[in-house]
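Visitor: I should like to take a close look at a single part of this protein, namely its charged side chains. Please guide me through their pairings and their surroundings.

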Amino acid sequence: MFGLEALDLARIQFAFTISFHILFPAITIGLASYLAVLEGLWLKTRNDTYRDLYHFWSKIFAVNFGMGVVSGLVMAYQFGTNWSRFSDFAGAVTGPLLTYEVLTAFFLEAGFLGVMLFGWNKVGRGLHFFSTVMVAIGTLISTFWILASNSWMQTPQGFEIVNGQVIPTDWLAIIFNPSFPYRLMHMATAAFVATAFFVGSSAAWHLLRGKDNPAIRTMLSMAMWMALIVAPIQAVIGDFHGLNTLKHQPAKIAAIEGHWENHGDEATPLILFGWPDMKEEKTKFAVEIPYLGSLILTHSLDKQVPALKEFPPEDRPNSTIVFWSFRVMVGLGFLMIFTGLWSLWLRKRDTLYTSRPFLYLALWMGPSGLIAILAGWFTTEIGRQPWVVYGLMRTADASSNHSFMQMSITLIMFVVVYFALFGAGLGYMMRLVRKGPKISEGTETPDGGPGKKRTPARPLSAADDSADADHDDTTRLTKEI
C-alpha cells in the first residue's frame, strides 16, 4: 500500500509516538524551572502574584507530566518490539543509559513530585521550595541521559564490536560523545523557549479577552524576557551544533542544504528555498545567495561544503524532508527573536500589554516552540538515515521481523488510542489554561502556604475556625452598636 513496507511502517510508528512524546517533556522541563522561579520569587518578595501563578501552572504541569510519563513508557517498549535487532546490537550501551535516567532523574522527580503538588499546606516553606527545585533538576537530569543515549547513536565512540554486538570500553567517551554537549544545550534551551511562548500565548489570550490583572501581566512579561534573552542564545548554540554536524555527519549537512555538487573552487551558495529531488539529484526552483553557504557553515568565503553526490546514493539522507524541516525550525527561530525584540520596544513605550497586533502575534506564537522542536527532531533523525547507529548499523538491519499486516494494525491502533487519550488530556490542559490563574483578594495567604496555616485534616476541625470567625464578627458588631 502506497509503496510502503513493514520497515517503513515501523519507522512511521516510532516517529508518530516520539512526536507525541517529545512535546510533553519539553513543556515539563520548562514549566518545572518556571515553577521553581515563581516560588523563589514569592518567598523573596511575598508578592501574592507569584504564588497565584505557581498554583495555576502547577496544575498544568501535573497533567503534562502524567502524559509525558505514559507516552514515554510506550516509546521505550518499541525498542524491544519493533527494533529488537537494534537492541541486541547496541543494548549494552543504550540500556544502561536509559537505566541511569530512571535511577537518577525519574526517581528524583517521583520522590519530590508529591510534595511539590500536594504539600503546599502541609510542609514548611523551605522543604516545599526544595522539592520544587529537585523536580526541576530531575527534568534536566532526564534530558541529560536521554540526549546522551541519542547523541551516541549520532556520533558513537567508546566501544568495540565483539561477535556482532557493541561492547562498552569507555563510559565517559560514550556519554560525552562529540555531538552530546551541543545537542544537550540545544534541546534544553529549546524546551525553555517553547515554554516561554506557551506561557506568553496564554497571557496574550486572556489580555485580548479583556482579562487584565497583575498575574496575567506577569506571565506575559516573564515570557517575553525569556524570549528576548534565550532565543538569540539558541541561534548561537544552533550555529555551533551545525559546525559539529558538518564535522561528524557531512551527508546530513549536504541534505539540509540541498547541495548536490561543488563546481571547481567556487564557494558554496546558500539555497534559501527550493525543492530537492532525490531521483534527479538536483534542487529545483532554487533561490540562492552566493557565498553565504560557505560563510555560515565554514565561517569563510572560499571553503566548500560537502555535496550529496560525494556520497553513495544508498548513504544519502532524504534531502526533500530535512531541507524543509530545517527551514521551518530556523524560520520559527527568527520569528521568536523578532517577537522578543518587539516586546522590548513595546515595553519601553509602556504598551506591551495593550498592543493588540503584538498580543495576536504572541497568541499565534504559542505552539511555535513545539513546532520548532518537532522540525528540529525530524531534521536530526531523518538526517541520520540510513543509519540507526551512524556508520555502524543501518536502519534496515535494526528492525524486528514483523509482517506488513502486523505493523499496519499496530500503527492504526496507536493513532486511534493516542488521539483519543492524549487528545482528551490536551483538551483538559487547555481548559485549565483558559480558566487563568485564580487571583487572591488582597490577603497575604488566603489559602495557606508553606509553613503557614494548615488545611484541616478532619472535616469537623474546620468548625473551630468558623466559630471563632463568627464570634469575632459578633463581638465587633456589638461594640459598634
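Guide: What follows is one connected account of the charged side chains, beginning with the whole chain and ending at the surface.

The model before you is predicted. Its chain is made up of 14 helices and 6 strands, and the C-alpha atoms fill a box of roughly 100 × 55 × 45 Å along the principal axes. Of the 481 residues in the chain, 48% are buried. Within the whole structure, a search finds 11 salt bridges.

Let us turn to the network that links Asp277, Glu280, Lys282 and Lys284 by salt bridges. Aspartate 277 belongs to strand β3, which covers residues 270–277. This aspartate counts as buried, because its relative accessibility is 14% and the limit for a buried residue is under 20%. Two contacts of aspartate 277 may be followed in the model. Its side chain reaches the backbone nitrogen of glutamate 280 at 3.0 Å. In addition, a polar contact of 3.1 Å joins the side chain of aspartate 277 to that of lysine 284. Glutamate 280 and lysine 284 are themselves paired in a salt bridge, and their closest N and O atoms are 3.2 Å apart. Glutamate 280 is partly exposed, with a relative accessible area of 45%. Lysine 284 also counts as partly exposed, at 24% relative accessibility. The network therefore includes a buried aspartate 277 as well as a partly exposed glutamate 280 and a partly exposed lysine 284.

A further salt bridge is found within one helix. The side chains of aspartate 48 and arginine 51 meet with a distance of 3.3 Å from N to O. Both residues lie in helix α2 (residues 48–81), where they are 3 residues apart, about one turn of the helix. Aspartate 48 has a relative accessible area of 14% and is therefore buried. Arginine 51 is buried too, as its relative accessibility is 1%.

Another pair joins two helices. Glutamate 381 forms a salt bridge with arginine 183, and the closest N and O atoms of this pair are 4.0 Å apart. The bridge links distant parts of the chain, since glutamate 381 is in helix α12 (residues 368–384) and arginine 183 is in helix α6 (residues 180–208), 198 residues apart. Glutamate 381 is buried, with a relative accessible area of 15%. Arginine 183 is likewise buried, and its relative accessible area is 6%.

Finally, consider the surface. Lys59, Arg431, Arg434, Lys435 and Lys438 form a positive surface patch. Helix α13, spanning residues 404–435, gives the most to this patch, with 3 residues. Lysine 438 is placed in the loop between α13 and α14, the latter being residues 462–480. This lysine counts as exposed because its relative accessible area is 72%, and exposed means over 50%.

Definitions and conventions
Residues numbered from 1 in each chain as written. Predicted model: local features only at pLDDT ≥ 70, side-chain atom pairs only at ≥ 80, totals over all residues. Heavy atoms only, no water. Patch = residues over 30% accessible without salt bridge, like charges linked within 9 Å, V, L, I, M, F, W, Y side chains within 5 Å. Areas by Shrake-Rupley, 256 points an atom, 1.4 Å probe, with all protein chains shown as cover. Lys, Arg positive; Asp, Glu negative; His and termini not counted. Charge placed at Lys NZ, Arg CZ, Asp CG, Glu CD. Helix = DSSP H or I, 4+ residues; strand = E, 2+ residues; numbered from the N terminus. Buried < 20%, exposed > 50% of the residue type's maximum accessible area, 1.4 Å probe, protein only. Polar contact = N/O pair within 3.5 Å; in protein donor to acceptor, adjacent residues only side chain to side chain.
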